[in-house]
Structures are given as structure tokens and as C-alpha cells.
Amino acid sequence: PSPSPSDKIFIALSSGVDSTVSLSLLLATHPATNIHPIYLANWSPTQHPPPATPPLGPYGKPLPTPPLHPTKCISSEFHRVKQICTHLSLPNPPQLLNFEKQYWHDVFAPMLSSYSLGRTPNPDVACNRIIKFGALANRLETIARNGRWWLATGHYARVQNGILIRSSDRMKDQTYFLSTVPGDVLKRCLFPLGAAGLTKKRVKAIAKELGIPGWRAGENTGESFGLCFVEPAGGRNSGFRRFLGEYLLPRPGKVVMPMAGTEVGEHEGLWYATVGEKAHLELPQGDEEYQGRWYVGAKDLEKNQIEVVKGGDNWALFSREMVVGTWRWLGDDAEVVALGASRVPERADGALWEPGLVTQFRHMQRPVRVKEMEVLGDGEEEGTRTIRIVFETPQKAVTAGQSTALWDGERCLGGGVIEET
């Protein structure tokens, strides 16, 4: 199915280059009067000001106070969206749709709760399912007044008859983030960049060719971000981790070496560390027992302890399988396809993506071959399942709370949240 001449096409513009070029592609193939630009406001610092708690870094170390006024915010991004629409001569003015309340209650608050339990959630996956392709779809149904409508975005993905397919750009594929989008909404989605087979490099080149404000010769506009006030630059002690430190209260505990039972430090909360990352500890390097690089091996919620292990190849950092809850299949036949998909196939010469059944529990991760997949039963949420995925080879830093997905070759079969490893 594709849009008919009378259908409304809503294009979600973030002010970034991907959604902007997507708009230009739509204008080349559809009447401009049918295209309706929208901008989603999911967060405003004035609506949800951070508490006045000192910002803390890894294991509770004090950090410099972050700037009070963000460089990116709703007003500046929406202003750029209006500039883009004017430059491309779009007859319909952009609409600002506010989803701050839904984002706070359905995405942000659950994310904080997950972090407080020592888990590592991915709010982008939840935001896509609940807000960008959930609450937004309901709003568009009202705006369209029961008429036929489509939702276009700047994601690097493809959709064919409601089936989610990987992008032809391996470096930018975003089907991982879309793996739990409702199937009935996916059937109404348009991903112009994926359909055109564009790479990020080509997208930027098109923006320059079109003279888009911000990407003209000599201009270099940064990427747009969902949480506009969380600065992306500055390393691991700033950005999102620092932002979390303003919302989660410290809960001090011990950092231990589990084999010896030795206490080697203290932390201010389990969420300050991520399994698999380097442990930032000051250990006596003159003592052979402490020499080398140490990594976060596990978190013990009951004891409120962070366990560290020596060496990035330590066996404690690897898992052979994972149990995934709140699993959502993409397509009525997805479960059958997953159970029948080939295991550990040989990679075809010149194949863009790994064939057979594969999984990812991080964006931009090389697909991991699946040795076994088992459906354990229904999930906690209605319409979801709980599944068990066994890796062909042990995988490093598989962490509870992470989002994961399955693919059969290029087709995304669904996604869920890791419960245990």
C-alpha cells in the first residue's frame, strides 16, 4: 500500500538533517498540499525542572554544575522547523504537538525507576513505541478526522506491507529502535530515506544541494536530540549520566571484588555504573593483586553492591543466553518465522546483513547469531511474551533492562527487554 492522491501525509520534523531530507523526498513524489509537517515536544525544562541536587559522576564523584540554560530547546528547534518549511515552500505550516505529560509518565518515570533498580533501560525504544508511534498516531487519527493518513519520519529503515526491514546503510540502521512499534501503526509509516536507499553521507550532500538552512556551504548544524537539554558532548562524566544524577537520589553501597570478598571502594547508587564498562577506581598499583584494568562485572540489588572483575576478557563479563520479557512480535507470523528460521548459517558472499536468526542488544552492534530461541510463555503486559535466546558464542555485557530485538536476515521480528542473563 502507498498513499493515494487524497491521503494526508504527516511528516515528523525534528529540525535535523534526516527528517528534513525526508521531507524533500516526499515533496518530489507527492502533492505539497497533502504534506503536513509536525514537531513533537516531548520535554520542556520549564515544565519539569530538575531537583536542586548536586550533580554526581561515576560512583558519586562530584561534577561541575551543568549550565542552567540548554543550548537546544523546543523553541529553537521549532523555529528551525519553520525555517525549513519556508525554504522548501511547503504550503501547510508546521504544527507543534505537545506530549510532555505522556512522556513524563509513560517513558521518563519508568526509566528512572529502572535505573534505580540497577538496570540499563533504553528510553529511545520505549519513546518510539509509546509516544512517536503510539500517542502521536492517536492524535493524528483525530486530526485527520477519520480520513486516510500516513506518518513519515527520518528513520533509516524500510517497511514493506507492514513488515519492518533493515536499512541499506549498515552504519545507520535504526530498526533496533523501531522493534516494538505497534504493527497497525507500522502499516501507515513511510521511511523515505530507507525507501530511497540513502546513506547518511548522501543525505548530508542532498541537504547542501538544496541549500537547507544549517547545511549550506560553511554551515554545520548538529544532530537533533530527544532530550534537548542533555548535552551530548563532554565524555562519560557529562550528558545523560550527569542528567540522571539530578533526578536519582544517592544510595551508597560497596564496590567489591567478588572472588576475594574484598571491598575496594564505594558507590552512590547502582545506576552510576554499567555492566561491562571500566570501573573507575583508585587502586594501589604497587600491589600485584590490584594491577591491571578493572571492569563492572555485576550489580547485586539485594546487597546494593557493585562487583568488579579484572580484565576486559574476564569470563564474568560474558553470558551464553538471556531471558527477554515484554516481548512484542512484529507481524502475525513473526513467532512462527522466528521458530523456523535457520540457525548459524554461513554468511553469503556480498550479503549486506547476517542471514538467518540474529539478535542485537545494543544499537550499532554487529548482529549476534542465535543458536536457540524458545518461547517461555506470556509476558507481564497484555499481548506480550517471554522468550529465551541462546547465543552461538558467549556475549559480553548483556545487561538486565537493555532492549533487544530479533531479525531473520533483514526482517525485524520484534523486540523486548532483557530480564536476566
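Student: What is the relative accessible area of Asp-124, and is this residue buried or partly exposed?
Tutor: Asp-124 belongs to helix 4, residues 123–143. Helices (H or I, at least four residues) and strands (E, at least two) are DSSP runs, numbered from the N terminus. Buried means under 20% relative accessible area, exposed means over 50%, and partly exposed lies in between (1.4 Å probe, protein chains only). Asp-124 therefore counts as partly exposed, at 46%.

Student: What kind of model is this?
Tutor: Residues are numbered from 1 along each chain as its sequence is written, and side-chain values use heavy atoms, leaving out hydrogens and water. Local features need pLDDT of at least 70, side-chain atom pairs count only at pLDDT 80 or more, and totals for chains, interfaces and linings use all residues, since this is a predicted model.

Student: How many helices and strands does the protein have?
Tutor: Of the 421 residues in the protein, 52% are buried. The protein exposes about 19700 Å², of which carbon and sulfur atoms supply 51%; the areas come from the Shrake-Rupley method with a 1.4 Å probe, and for residues only the protein chains shown count as cover. The count of elements is nine helices and 17 strands.

Student: Which strands are at the edges of the sheet with the order 3-2-1-4-7?
Tutor: This open sheet has five strands with parallel pairing. Two strands pair if DSSP finds at least two bridges between them. The strands that pair on one side only are strand 3 (95–98) and strand 7 (189–190).

Student: Which residue of strand 7 is the bridge partner of Ala-152?
Tutor: Strand 4 (residues 149–152) runs parallel to strand 7, and two bridges join them. The partner of Ala-152 is Leu-190.

Student: What angle does helix 4 make with strand 4?
Tutor: Helix 1 (residues 17–29) packs on the sheet, touching strand 1 (8–12), strand 2 (35–41), strand 4 and strand 7, and its direction makes about 160° with that of strand 1. Helix 4 also packs there, touching strands 1, 2, 3, 4 and 7. Contact means heavy atoms within 4.5 Å; axes are lines fitted to C-alpha atoms, for helices over the stretch in contact, with angles from 0 to 180 degrees between N-to-C directions. For helix 4 and strand 4, the angle is about 145°.

Student: Which element gives the largest share of the largest nonpolar core?
Tutor: A nonpolar core is a set of buried Ala, Val, Leu, Ile, Met, Phe, Trp, Tyr and Cys residues joined through side-chain atoms within 4.5 Å. The largest one has 46 residues, and those touching the most other members are Ile-38, Phe-108, Phe-133, Leu-136, Leu-140, Leu-164 and Phe-191. Elements that give two or more residues include strand 1, strand 2, helix 3 (100–116) and strand 16 (403–408). The largest share, nine residues, comes from helix 4.

Student: How many residues are in the other core, the one with Ala-41 and Leu-190?
Tutor: Phe-191 has Phe-133 and Leu-164 among its contacts, residues up to four places away in sequence not being counted. Apart from the largest core lies another, with Leu-198 and Val-203 also among its members, and its size is 28 residues.

Student: What is the average turn between neighbouring strands in the sheet with the order 9-8-11-10?
Tutor: This open sheet has four strands with mixed pairing. Its edge strands are strand 9 (262–267) and strand 10, each paired on one side only. With direction ignored, neighbouring strands are turned against each other on average by 30°.

Student: Which residue of strand 11 stands opposite Val-255?
Tutor: Strand 10 (residues 294–300) and strand 11 (residues 305–310) run antiparallel and are joined by six bridges, and Lys-299 has Ile-306 as its bridge partner. On strand 8 (residues 253–257), three bridges pair in the parallel sense with strand 11. The residue opposite Val-255 is Ile-306.

Student: Which residue in the turn between strand 10 and strand 11 has a positive phi?
Tutor: Strand 10 is mostly covered, with six of its seven residues buried. The two strands form a hairpin with four residues between them, and the residue with a positive phi, about 55°, is Asn-304.

Student: How far is the backbone oxygen of Ala-405 from a polar atom of the side chain of Thr-359?
Tutor: Thr-359 is in strand 13 (residues 357–360), and its relative accessible area of 0% means that it is buried. Its side chain makes a polar contact of 3.1 Å with that of Thr-404. A polar contact is a pair of N or O atoms within 3.5 Å; within protein, one must be able to donate a hydrogen and the other to accept it, and residues adjacent in sequence count only if both atoms are side-chain atoms. From the backbone oxygen of Ala-405 to the side chain of Thr-359, the distance is 2.7 Å.
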